[in-house]
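Open the model in a viewer and keep the sequence panel beside it. The stops below say what to select and what is there.

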Amino acid sequence: MRPRHLSEPRAVRWVLTGTALAFLVLFLFLPLVVVFTEALQKGLGVYIAAIREPVALAAIRLTLLVTVLVVPLNATFGVAAAWAIAKFEFRGKNLLTTFIDLPFSVSPVISGMVFVLLFGAQGLAGPWLLARGVKVIFALPGIVLATLFVTFPLVARELIPLMRSQGNDEEAAALTLGAGGWQTFFRISLPKIKWGLLYGVVLCAARATGEFGAVSVVSGHIRGVTNTIPLHVEILYNEYQFAAAFAVASLLTLLAVLTLVVKGIIEWRAGSGSV
């Protein structure tokens, strides 16, 4: 039985529970129902046709390609940055930590504009790159750079507190027994952070597939070439193709639900101490 001073009156508990459930219904379940209801409003045939349309398939392929390129880079950076910050003391450590948090405080649209000013046709490095046949803005490299910027803190921010809490004792013992640096990392450090790393990768992949602001600025909205799924949905909606827009948007919705499921599994496995 719970101590009396820790128990709330039944009315308070009902109000708090009801408020939480109302928010879940209003901001989670209701939007899910609306998306799939609108997507299937004209029938399953229209739904499938909207997804199989060549421009939609091109947007899906581009989104997946950007995600496949961005996630490994962010995972590598996140592990390296977290390792350096959690395991070592060096000058500029606090500055590095601040820079990692920078995308959280800068609007994605502003970050996209920065890349345009740097690599656009009239930007600082744009003319030099174009003279050598390298196109960044309104092309795949620009989309990858913009997505990298808005997602690179996610893995690092997940791993830094985890590595700090684990300490260095096991690594020090392994080195004392003659293990090399890479052996220590792959056999000691990496197994300890694998669930945190996977959690950060899932968040990074979800953000990469759904990024809109920064990608919108650097993409140029070229149909079938530089439009990702969110940009394609915007175009369809602005053209009053509501069924098609919601059909393509349902793919992102399914991805979001899958992300929540995977996130829950990872938290459960990490919490249970599974190896």
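Select Tyr240 to begin: this residue is exposed, with a relative accessible area of 66%. Buried here means under 20% relative accessible area, exposed over 50%, and partly exposed in between, using a 1.4 Å probe and protein chains only. Tyr240 sits in the loop between H13 and helix H14 (242-272). Its phi is positive, about 65 degrees, although Tyr240 is not a glycine. Most residues other than glycine have a negative phi.

The model is predicted: local features need pLDDT of at least 70, side-chain atom pairs count only at pLDDT 80 or more, and totals for chains, interfaces and linings use all residues. Residues are numbered from 1 along each chain as its sequence is written, and side-chain values use heavy atoms, with hydrogens and water left out.

**Helix H13**

Step back from Tyr240 to H13, residues 229-238. Helices are DSSP runs of H or I with at least four residues, strands are runs of E with at least two, and both are numbered from the N terminus. Is H13 mostly covered or mostly uncovered? Mostly covered: seven of its 10 residues are buried. To see them, select Ile229, Pro230, Leu231, His232, Val233, Ile235 and Leu236.

**Phe138**

Go next to Phe138, in the loop between helix H7 (126-131) and helix H8 (140-151). Phe138 also has a positive phi of about 65 degrees and is not a glycine. Its relative accessibility is 39%, so Phe138 counts as partly exposed.

**H3 against H4**

Now show helix H3 (residues 54-87) with helix H4 (residues 93-100); they pack at an angle of about 150 degrees, and their axes are 10 Å apart. That makes H3 roughly antiparallel to H4. Axes are lines fitted to C-alpha atoms, for helices over the stretch in contact, and angles run from 0 to 180 degrees between N-to-C directions. Angles under 35 degrees count as roughly parallel, over 145 as roughly antiparallel, 65 to 115 as roughly perpendicular, and the rest as oblique.

H3 passes H4 in a left-handed crossing. A crossing is left-handed if the near helix is turned anticlockwise from the far one by less than a right angle, and right-handed if clockwise.

Which residues of H3 and H4 meet? On the H3 side select Phe77, Ala81 and Ile85; on the H4 side, Lys93, Leu96, Thr97 and Ile100. By class, this contact of H3 with H4 has five nonpolar residues, one polar and one charged. Contact means heavy atoms within 4.5 Å. Ala, Val, Leu, Ile, Met, Phe, Trp, Tyr, Cys and Pro count as nonpolar, Asp, Glu, Lys and Arg as charged, and the others, Gly among them, as polar.

**H3 against H9**

Keep H3 and add helix H9 (residues 153-166): the two axes come within 8 Å and cross at roughly 30 degrees. This crossing of H3 past H9 is right-handed. From H3 the contact includes Asn74, Phe77, Gly78, Trp83 and Lys87, and from H9 it includes Val155, Leu159, Met163 and Arg164. The contact of H3 with H9 divides into 13 nonpolar, two polar and two charged residues.

**Whole chain**

Clear the selection and show the full chain, which has 14 helices and zero strands. Its C-alpha trace spans about 65 × 60 × 30 Å along the principal axes. Of the 275 residues, 36% count as buried. Among contacts between residues at least 6 apart in sequence, 71% join residues at least 24 apart.
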